[in-house]
Amino acid sequence: MELVRQIEALLFVADEPVSAIELAQFLDVEESDVVAAVQALEQLCEDRAVQVVRIAGGYQFSTRPRYAEMIGRFLRPSRNKLTRSQMEVLAIVAYQQPVTIAEVDAVRGVHSDHPMRCLLDRRLVHELGRKQTPGRPILYGTSEQFLHLFNLESLEALPPVVLPAVDSDDSQP
Amino acid sequence: MALALAPETSRWQGPLGLVAPPEIAIQCEAFEGSLGTLIKCVLNQKVDLWDIPLHPICQAYVDYLLERPDEDVDSVSSALLAMAYLVERKAFRLLPLPEFVEEDDALPYDGPGLEYYQPVLLGLEECFEERQRLFFRSADAREEYEIPLELGKVTVSDLGRALEALLEKAVEEPKTVQFGRPRRSLAEQMKIVARCLDGAPRPLDQLVEGEFTRTEILWWFLALLELIRLSAAVVVLGDEGELLFSLAGH
């Protein structure tokens, strides 16, 4: 039970998701013990206004959705909703990463440098390196901030999509 | 290309939060209108900068700034940012694009189009809406905690009064402000203040010599406060209640 309390205390002070591995290393316990303790903590919080959520690869305390309106009136948060073009670019990057801006352009059929710049500013995408092709274009991928903004635990939690297979450049003779 | 200064009109606040540059009228084959409109059109990808020479526009803009030294610095810096954006876009446009360079080798794109992502976009929007109903601890709590300074009997009000006394002695600011006038960094100003503090503890009016403007003395005092914050300087109350400043260790 002490481990549950310790994890509760750490998650309470953390302002970003903390992974089970981080908690296990810090508390010097097995990762499986952390997972079990978090499950116990989730049960303890069942009757409370806060809950433990699995988001962006870790655990974090959040308020329960049913209090959203009330908290919204209290905090008056600014809702910076993404534009349609930003959402399109973000979806393509999320599913095709690592991807270059030219590849995003090809899918959308229009230039994407402005929405990509906005997404970079909001730290929803970040540079992953450079593609080893002529011009060495920058490769982009989604960030942890993206997972957090879309309430996803990992990229595996993305909504499923069936994309037709594409022959990659590498398969060219 | 013809350039002319149009009469002063209201400043345009663009989508990037940029304050409009002056109403420089541009007339060339590819575009006819104000500089603000040009930036708007470039932002919306309605104009190809390839066809618009930027050099005369930049020159006219710089001339405009030089003729108005009293211009609001915030507006000027924002407008310069807008000009820098234009130059950046132009430079980007001048770069050879792979599809033009390797036109013969370019393969038509036959991968999944945007239509395949439509269900995903709906799913992501649902995730986004769901996430908007969750609230987390604010990241503000992570700001570095700074231990309050121990100033003994000296209060913030004492420091404020000392600054006010200095400000009363300040001479008038020069009426013309030159753009690009070099200003010392805070680190450089701190070195100067530290030199003044060398020696026995002294009151402010003995530390600052010669004439100074309000801006100069504010900058000087800010450097002094930073030295105190970093424990490189100390302030104590004198026998008659005056503030005495010196380097730490004196």
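Two strands count as paired when DSSP finds at least two bridges between them. The legends below describe close-up views of a predicted model.

**View 1. The hairpin of E1(A) and E2(A) in chain A****.** Strand E1 (residues 50-55) of chain A pairs with E2(A) in the antiparallel sense, and six bridges join the two. Ile55(A) has Gly58(A), in E2(A), as its bridge partner. Two residues lie between the strands of this hairpin, and Ala56(A) takes a positive phi there, near 50°. Most residues other than glycine have a negative phi.

**View 2. Packing of helix H1 against helix H3 in chain A****.** Helix H1 covers residues 2-13 and helix H3 covers residues 31-44; their axes lie 9 Å apart and form an angle of about 80°. H1(A) is therefore described as roughly perpendicular to H3(A), because angles of 65 to 115 degrees fall in that class. On the side of H1(A), the contact is made by Leu3(A), Val4(A), Ile7(A) and Glu8(A). H3(A) contributes Asp33(A), Val34(A), Ala37(A), Val38(A), Ala40(A), Leu41(A) and Leu44(A). Sorted by class, the contact of H1(A) with H3(A) has nine nonpolar residues and two charged ones, with no polar residues.

**View 3. The loop between H2 and H3 of chain A, with Asp28(A)****.** Helix H2 (20-27) of chain A is joined to H3 of chain A by the loop that holds Asp28(A). The phi angle of Asp28(A) is near 60°, a positive value in a residue other than glycine. Is Asp28(A) buried or exposed? Asp28(A) has 6 other C-beta atoms within 10 Å, so Asp28(A) is exposed, the limit for that class being 12 or fewer.

**View 4. The open three-stranded sheet of chain A****.** The strands of this sheet follow the order E3-E5-E4 in chain A, and their pairing is antiparallel. Which strands stand at the edges? Strand E3 (99-100) and strand E4 (125-130) of chain A do, each with a single partner strand, so one side of each is left without a neighbour in the sheet. Helix H5 (residues 84-96) of chain A packs on the sheet and touches E3, E4 and E5 of chain A. The direction of H5 makes about 95° with that of E5(A). Two bridges join E3(A) to strand E5 (residues 138-142) of chain A in the antiparallel sense. Thr100(A) stands opposite Leu139(A), which belongs to E5(A).

**View 5. A cis peptide bond between H5 and E3 of chain A****.** The loop between H5 and E3 of chain A contains Pro98(A). The peptide bond that leads from Gln97(A) to Pro98(A) is cis, and its omega is near 0°. Most peptide bonds are trans.

**View 6. Asn151(A) in the segment after helix H8 of chain A****.** Helix H8 (144-149) of chain A is followed by the segment in which Asn151(A) lies. Asn151(A) is a residue other than glycine with a positive phi, near 60°. Because Asn151(A) has 21 C-beta neighbours inside 10 Å, Asn151(A) counts as buried; that class begins at 20.

**View 7. The side of chain A that touches chain B****.** Here 31 residues of chain A are in contact with 28 residues of chain B. Strand E2 (58-63), helix H4 (68-75), H5 and helix H6 (101-108) of chain A each supply at least two residues of the side that touches chain B. Which element of chain A gives the most to this side? H5(A) does, with five residues. By class, the residues of this side of chain A are 21 nonpolar, six polar and four charged.

**View 8. The hairpin of E2(B) and E3(B), with Ala60(B)****.** Chain B has nine helices and five strands, and its elements run β-β-β-α-α-α-α-α-α-α-α-α-β-β from the N terminus on. Of the 250 residues of chain B, 14% count as buried. Strand E2 (residues 24-27) of chain B runs antiparallel to strand E3 (residues 32-34) of chain B, and three bridges join them. Ile26(B) stands opposite Gly33(B), a residue of E3(B). In the hairpin that E2(B) and E3(B) form, four residues lie between the strands. Ala60(B), in helix H2 (residues 55-67) of chain B, has its C-alpha atom 7.7 Å from that of Ile24(B), although the two are 36 residues apart along the chain. Ala60(B) counts as partly exposed because 18 C-beta neighbours lie inside 10 Å.

Key:
Residues are numbered from 1 along each chain as its sequence is written. Chains are lettered from A and ligands numbered from 1 in the order in which they are written. This is a predicted model: local features need pLDDT of at least 70, side-chain atom pairs count only at pLDDT 80 or more; totals for chains, interfaces and linings use all residues. Axes are lines fitted to C-alpha atoms, for helices over the stretch in contact, and angles run from 0 to 180 degrees between N-to-C directions. Angles under 35 degrees count as roughly parallel, over 145 as roughly antiparallel, 65 to 115 as roughly perpendicular and the rest as oblique. Two residues are in contact if their C-beta atoms, placed from the backbone, lie within 7 Å. Ala, Val, Leu, Ile, Met, Phe, Trp, Tyr, Cys and Pro count as nonpolar, Asp, Glu, Lys and Arg as charged, and the others, Gly among them, as polar.
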